[in-house]
Amino acid sequence: MNVVRPLHRLLSIPPRSGVRQLSTTTTSPYRHRRTAKAKPESYTTPPPTPYTPSEVSKLSKYYTDEQLTSLLAGESAIDPEHFHNRHRQPDHDPMKLRYLDDLSTLDPILDLPTGPQIYTPGHPLQPIPRLDDLLTPSTSTNTTSGGSTGDAPWIRQVSLKTGFSAAEIKRLRTKTLVSHSVVNQTHMGKIRKIYCLAVAGNGNGLVGIGEGKSVEFSEAQRIATYMAVRNMMPVPRYEDRTIFGNLDIKVGAVELKLFSRPPGFGLRTSQYIFEIAKCLGLSDLSAKVSRSRNPMNVCKATIQALRSQKLPETIARGRGKKLVDVRKVYYNGAV
C-alpha cells in the first residue's frame, strides 16, 4: 500500500475557514435535510395557567405540604418558551405495553393480599382449615353448606382433608385420562390389577392429578379421583386464559413445550393436555410433545410445567427491578 497518496490527498484539500479537514474524502456541499414532522396541538400549545386555590386544595389530598411546595416550585421554574420542545412518545413503539387486564384491581395470585382474607368457594387461594372445624361433623354434612348425610364416604373424607364442602367437591370437573391393566409377578404367580390416572379441577385456577390401582376398574377410578382432588393446587394464569410465557420441561423421555397464545386462539393440544387445561380453566394454549408420547408421563409433565411458571413479580424481586421492566424485557412485551 502506498502511504504517500493519502498524505498527498490530505495536503491537496484546501482548508475551510482556516481549519484543515482531516478526512480522505471531500465534504459534500449539500447538507442532510431532515423532514420536520408536525407535532400535535397538545405539544405546541403553551402550558396552562397556574393552579387556582381550589385546584391546590384538591392536590393537597394526595401530597403533603412539602411535596406540593416542591412540585409547584419545579413547574414554575420551567420556561414556557421551552414547552414546545417536548418529544412525543411514538405510537409504533414495539415495547409498548398493551394490557387486556385491569391493573387497577388486585389479582388474587400475582398480587400480595392486603387486609383480612375472606374465603370464597372455588377461589384458587384456599384458607388452611382449622382443626376445630374439621372435628365438627356439621361442617361437611350440614344442609346449609350444600352437603347431605347420603354422600359417598370418599367425598366426606376429601371434605375433611381439603376443607371443601361436599357440594363444591361434586361441582369439580373430573376426568379419567389413562386406564390400563398391569401385572405384578410374585412367587405366587401373576397378580393382575387396573391402573387409572385422573385429573380434577374447578375451572378457576385449581388442578391436580391422581393415580389409583385396584383389582376392579371402578375402585381404581375412585381412588384416582380421590387422589386428584386431594392433590389440587393453585396454578397462576395470565388474564385467566393462558400461561405466563413459554414452558419447556422434560419428564422421563417426554419433552414437552407449552406456548402462550393470544385471545381467541383456543386449545390446540393433545387430548390429555386438553383435559388438564379444561379443568384448570385455560382457553388459549398450544403444546408440542416430542420423543416419547407416554400418556402418563405427558400428564405429569404438563402439571409439573404449569406449577413451575416464572411469574413477573418473582423475576422482578430477584433482579431488583420493577415489574414493568421485567414485563418489557423478559417477556418481550407479551405479558
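**Entry 1: strands 2 and 3**

I began with strand 2 (residues 189-201) and strand 3 (residues 206-214), which run antiparallel and are joined by eight bridges. I picked out one pair there: Cys196 stands opposite Gly212 in strand 3. Note to self: this is a predicted model.

Next I looked up the sheet around them. I found an open sheet of four strands in the order 1-2-3-4, with antiparallel pairing. Strand 1 (173-186) and strand 4 are at the edges with a single partner strand each, so each has one side without a neighbour in the sheet.

**Entry 2: the whole chain**

I stepped back for the totals. I have 13 helices and eight strands in the chain. Of the 335 residues, 28% are buried. For contacts between residues at least 6 apart in sequence, I noted that 54% join residues at least 24 apart. The exposed area comes to about 23000 Å², and carbon and sulfur atoms supply 55% of that.

**Entry 3: strands 5, 6 and 8**

I moved on to strand 5 (247-251). It pairs with strand 6 (residues 254-260) in the antiparallel sense, over five bridges. Which residue of strand 6 is the bridge partner of Leu247? I found Leu258 there.

The hairpin of strand 5 and strand 6 has two residues between the strands, and in it Gly252 takes a positive phi near 65 degrees.

Strand 6 also pairs with strand 8 (residues 285-291), again antiparallel, here over seven bridges. On this side I wrote down Leu256, which stands opposite Val289 in strand 8.

**Entry 4: Arg237**

I wanted to know where Arg237 sits. Its place is in the loop between strand 4 (233-234) and strand 5 (247-251). Is Arg237 buried or exposed? I have Arg237 down as buried, because its relative accessible area is 8%, and the cut-off for buried is under 20%.

For its side chain I noted a polar contact of 3.0 Å with the side chain of Asn204. Leaving aside neighbours within four places in sequence, I listed what Arg237 is in contact with: Gly203, Asn204 and Gly205, then Thr242 and Phe244, then Leu280, Gly281 and Leu282.

**Entry 5: helix 11 and the cysteines**

Helix 11 (residues 295-307) was next. It has 13 residues and reaches 19 Å from its first C-alpha to its last, close to the 18 Å expected at 1.5 Å a residue. Which residues of helix 11 are buried? My list reads Asn297, Val298, Cys299, Ala301, Thr302, Ile303, Ala305 and Leu306.

I kept in mind that an α-helix has 3.6 residues a turn, so residues three or four places apart point the same way.

Cys299 counts as buried because its relative accessibility is 0%. I looked up Cys279 as well, and it too counts as buried at 0%. How many disulfides does a search of the whole structure find? I got zero.

**Entry 6: Glu75**

Last, I went to helix 4 (residues 65-76), where Glu75 is found. Glu75 counts as partly exposed, because its relative accessibility is 45%, and that class lies between the 20% and 50% cut-offs. I also checked Glu75 against Pro50: the two are 25 residues apart in sequence, with 9.1 Å in space from C-alpha to C-alpha.

How values were computed. Residues numbered from 1 in each chain as written. Predicted model: local features only at pLDDT ≥ 70, side-chain atom pairs only at ≥ 80, totals over all residues. Heavy atoms only, no water. Buried < 20%, exposed > 50% of the residue type's maximum accessible area, 1.4 Å probe, protein only. Contact = heavy atoms within 4.5 Å. Areas by Shrake-Rupley, 256 points an atom, 1.4 Å probe, with all protein chains shown as cover. Polar contact = N/O pair within 3.5 Å; in protein donor to acceptor, adjacent residues only side chain to side chain. Expected span 1.5 Å × (residues − 1). Pairing = 2+ DSSP bridges. Disulfide = S-S within 2.5 Å.
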